[in-house]
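This report looks at how the parts of one protein chain are put together. Please keep the sequence and the 3D view open while reading.

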Amino acid sequence: MKTFDDFLARRSPTLLGLGEPTHWTEAFPLFRNEVFRHLVLEHGYRSIALESDCLAGRLVDRYVTTGEGDLDKVLATGFSHGFGAFPSNRALVEWLRDHNAGRKSEDQVHFHGFDAPLEMASAPSPRAVLTELHGFLAKHLDDVPHDVTTIERLAGDDAAWADAAAMWDGAKSKGDSPEARELRLVADDLASQFERARPALPEGGDLLARTALGLCRYHSLMADTSSERLGRLGAQRDAMMADNLLALPGTFVSAHNQHLQRRAASMMGAQWWSAGAQVAHRLGDRYVFIATDFGSSDGVVDPAPGTLQAYLAVTVQDRELVETAGIDPGLPARTGDGRGYLPFDAVEAADAIAFLHRV
């Protein structure tokens, strides 16, 4: 970790991001675990945020700080995208629990999800987060607008919101129905009430308020039938990610390179501003991003000469990083494998690149 120590000695990031070029290779989250343990033990980091459901992540945090819950159930319900099934994430949660056991609360290390409560192929009903936000406000305030019965009536059947067909066909989304438009007003009223009373309220309400607003906006965009629809959905998701990250100063962040890079993300021909670009716009050089990529792997063609990955393979030690200031930004990326691996191609959008020679 010497190169990480040297790199951090010249910076004092508010947020430190470590990306990965694919979610489906265990080498990258295992490397993330190694880096994070070093940051905790040698640099005093006290929180980690993963590209996982921000609301579900509270279950993981309670487990690692208090021991509440069963580990298997926490892994199954505290992560989105199936990430709880990864051995690397089990190892992370186990390490966090072992590290925190017996420590004072101020010395414990916390876990956060920072993704919106979405899946790639669907989005849940806003009912649950709206009713939780209403309950949070009603517990502490006397003049909460609306009531749970109204929220339940407007939300209706949860399955209708989560229909996977709506992800690809805006005409099948509930997001522009009269009930959905009224729920957006309910979310706005509740979030506004939270903001007005924020000094008198305990922690936790801000996450509920911004998630309720963001999820209602996401469903509205799902009902879009224009050619800009996919890009707008990606932008909304990354904007929600950025807001969650900005609420977590001093945190180590792990996600796909596309989300953390300081430029637009892209998928299926659509482009939008990434969470990293949003955060960098507001934090400047207090946001530091380290991309990760690799050289060789079974089933993936070795990088061709003249590509960025070929350059890294001959200039960077395994599992170490190189600052991007000395890399030609014109080097093209290698070819991806078509199975979720997106070779890093944004040298100018990262502060450094960590390179694993073989995964």
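The text below goes from the domains to their interface, and then to single residues.

The structure is a predicted model. Its chain is divided into two domains: domain 1 is made of residues 1-118 and 244-358, while domain 2 covers residues 126-237. Taken over C-alpha atoms, the centres of domain 1 and domain 2 are 29 Å apart.

**The interface**

The size of an interface is often given as the accessible area lost when the parts come together. The table lists this value for the two domains, along with other values for the interface.

| Item, domain 1 with domain 2 | Value |
|---|---|
| Buried area | about 1,300 Å² |
| Share of the buried area on carbon and sulfur atoms | 67% |
| Residues of domain 1 in contact with domain 2 | 16 residues |
| Residues of domain 2 in contact with domain 1 | 14 residues |
| Salt bridges across the interface | three salt bridges |
| Residue pairs in polar contact | five residue pairs |

On the side of domain 1 that touches domain 2, strand E6 (residues 270-273) gives the most, with three residues. By type, the residues of this side of domain 1 are nine nonpolar, four polar and three charged.

**Strand E6 and its partner**

Strand E6 runs antiparallel to strand E5 (residues 264-267), and four bridges join them. Within this pair, Ala264 stands opposite Trp273 of E6. E5 and E6 form a hairpin with two residues between the strands. In that hairpin, Met268 has a positive phi near 50 degrees.

**Salt bridges**

Side chains of opposite charge can pair when their charged atoms come close. How many salt bridges does a search of the whole structure find? The search finds 20. One salt bridge joins the side chains of Arg58 and Glu132, with 2.8 Å from N to O. Arg58 lies in helix H3 (residues 57-66) and Glu132 in helix H6 (residues 127-140). The two residues are 74 residues apart, and the pair links distant parts of the chain.

Methods
Residues numbered from 1 in each chain as written. Predicted model: local features only at pLDDT ≥ 70, side-chain atom pairs only at ≥ 80, totals over all residues. Heavy atoms only, no water. Domains from an automatic or database assignment. Contact = heavy atoms within 4.5 Å. Buried area = accessible area lost by both parts, 1.4 Å probe. Salt bridge = Lys/Arg side-chain N within 4 Å of Asp/Glu carboxyl O. Polar contact = N/O pair within 3.5 Å; in protein donor to acceptor, adjacent residues only side chain to side chain. Nonpolar A, V, L, I, M, F, W, Y, C, P; charged D, E, K, R; others polar. Pairing = 2+ DSSP bridges.
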